[in-house]
Amino acid sequence: MLYGCGLRLFECLGLRIHCFNLDAGILTVHDGKGQRDRTVPIPQVILPELRAQIGFLKDLHRRDTERNYAGVFLVNALERKYKNAAKEFVWQWFFPAKQLTHVEKTNELRRYHLHETHVQKAIRAAVEKAGIPKRASAHTFRHSFASHLLQANYDIRTIQELLGHSDVRTTMIYTHTVRSVTIKEAKSPLDFTAK
C-alpha cells in the first residue's frame, strides 16, 4: 500500500474499510496532509490480499463485538455526530492494532490502528534481510512511487495529484533521483527494436 498507492505512513495506518472501493479500483485517502481528501488507484495485483484482509477484519469485528467493545477511536467529533459509527464495520481500521485498548476514564475497550513502529521495524528487518546496503524507510516507498511514475512517462501534475501535494515543487523534490535524458543520450526509436 505504501508503494502501490504512494501513501504516507500515517495515511496508510489511518485507512478505514470505507476508504476502499475494490470494484472501482479506487482508494480514497481522507484528511491527508493539509486536511484534504484525494483518490488514488488501487494496484490490481494486490486485490486478492486486500479482499483477504477484509475477510480477516470481518471476523475480527465479529469477535470484538462479542466482547462488547465500544468500537474504534474516531476523530473530529464523528462519534458525537454518528452515535453508532464506532461500532459499524465500515469505520473499522484497515490495519488494526493487535490488542484492544482499555480506556480508564470511561472503562471501555476500544481499538486503535496498528502502531507505526510495527511497520518501521518490519521495513528495517526486510531491508536487512534483503541485504540492501542503503537506509530505507516507509517514506522511501512514496519516493519510489513518484520516481517510477515519472519513469513511466506520467506527467508531473498527475504525480502531484496522486501524492496529494499542493505545490508541484514538492513533487519535483520526490522525483529528483530520476535521471534526465539529454539530447546526446537520447536514442532513436529504431534502436529500441534492434537486438
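**Exercise 1. The enclosed space**

Determine how many cavities of 30 Å³ or more there are in this predicted model, and describe what surrounds the largest cavity.

*Solution.* Begin with the count, which comes to 1 cavity of 30 Å³ or more. The volume of the largest cavity is about 50 Å³. Next, go through its lining, which consists of Leu57, Leu60, His61, Asp64, Tyr69, Val72, Gln92, Trp93, Pro96 and Arg111. Sorted by class, this lining holds 6 nonpolar, 2 polar and 2 charged residues. Finally, ask which element supplies the largest share: helix H2, spanning residues 47–66, contributes 4 residues to the lining.

**Exercise 2. One residue of the cavity lining**

Decide whether Arg111 is buried or exposed, and find which residues it touches.

*Solution.* First place the residue: Arg111 belongs to strand E6, which covers residues 108–111. Its relative accessible area is 4%, and since buried means under 20%, Arg111 is buried. Then turn to its contacts, leaving out residues up to four places away in sequence: Arg111 touches Leu60, Asp64, Tyr69, Gly71, Val72, Phe73, Trp93, Pro96, Ala97, Lys98, Gln99 and Leu100. Several of these names also occur in the lining of the largest cavity, among them Leu60, Asp64, Tyr69 and Trp93.

**Exercise 3. The chain as a whole**

Work out how many helices and strands the protein chain has, and in what pattern they follow one another.

*Solution.* The protein chain has 8 helices and 6 strands. Reading along the sequence, one meets them in the pattern α-β-β-β-α-β-α-β-β-α-α-α-α-α. As a further step, consider burial and surface: of the 195 residues, 37% are buried, while the accessible surface comes to about 13000 Å², with 55% of that area belonging to carbon and sulfur atoms. Last, look at the contacts between residues at least 6 apart in sequence, of which 53% join residues at least 24 apart.

**Exercise 4. Aromatic rings**

Find how many aromatic pairs the whole structure contains, and establish the geometry of the pair formed by Trp93 and Tyr112.

*Solution.* The search of the whole structure yields 4 aromatic pairs. One of them joins Trp93 and Tyr112, whose ring centres are 5.7 Å apart and whose planes stand at 65°, which makes the pair edge-to-face. This pair links distant parts of the chain, 19 residues apart: Trp93 sits in the loop between helix H3 (78–81) and strand E5 (101–103), whereas Tyr112 sits in the loop between E6 and helix H4 (116–130). The two partners can also be judged by their cover, for Trp93 counts as buried at 6% relative accessibility, and Tyr112 counts as partly exposed at 40%.

A second pair is that of Phe94 and Phe95, which is edge-to-face because the planes lie at 90°, with the ring centres 5.1 Å apart. Here Phe94 is buried, with a relative accessible area of 1%, while Phe95, at 21%, counts as partly exposed. To complete the picture, Phe20 joins Phe94 and Phe95 in one aromatic cluster.

**Exercise 5. The largest pocket**

State how much space lies in the largest pocket, and identify which residues lie nearest its centre.

*Solution.* The largest pocket holds about 520 Å³ of space. It is lined by 22 residues, and those nearest its centre are Gly14, Arg16, His30, Asp31 and Val75. Divided by class, the lining comprises 11 nonpolar, 6 polar and 5 charged residues.

Now follow Arg16, which lies in the loop between helix H1 (9–13) and strand E1 (20–21). Its relative accessible area is 7%, so Arg16 is buried. Apart from its neighbours within four places in sequence, Arg16 is in contact with Val72, Phe73, Leu74, Val90, Trp91, Gln92, Trp93 and Phe94.

**Exercise 6. Unusual backbone angles**

Examine the phi values of Asn68 and Asn107, and say where in the chain each residue lies.

*Solution.* As background, most residues other than glycine have a negative phi. Against this, Asn68 has a positive phi near 60°, and Asn107 has a positive phi near 55°. Asn68 lies in the loop between H2 and strand E4 (71–72), and Asn107 in the loop between E5 and E6. For the last step, compare the accessible areas with the cut-off for exposed, which is over 50%: Asn68 is exposed at 65%, and Asn107 is exposed at 59%.

Notes. Residues numbered from 1 in each chain as written. Predicted model: local features only at pLDDT ≥ 70, side-chain atom pairs only at ≥ 80, totals over all residues. Heavy atoms only, no water. Helix = DSSP H or I, 4+ residues; strand = E, 2+ residues; numbered from the N terminus. Buried < 20%, exposed > 50% of the residue type's maximum accessible area, 1.4 Å probe, protein only. Contact = heavy atoms within 4.5 Å. 1 Å grid on protein atoms, 1.4 Å probe; cavity = no way out; pocket = protein on both sides within 12 Å on 5 of 7 lines; lining within 4 Å. Points joined across faces, edges and corners; volume = space filled by probe spheres on them. Nonpolar A, V, L, I, M, F, W, Y, C, P; charged D, E, K, R; others polar. Areas by Shrake-Rupley, 256 points an atom, 1.4 Å probe, with all protein chains shown as cover. Phe/Tyr/Trp six-rings, centres within 6.5 Å; stacked < 30°, edge-to-face > 60°.
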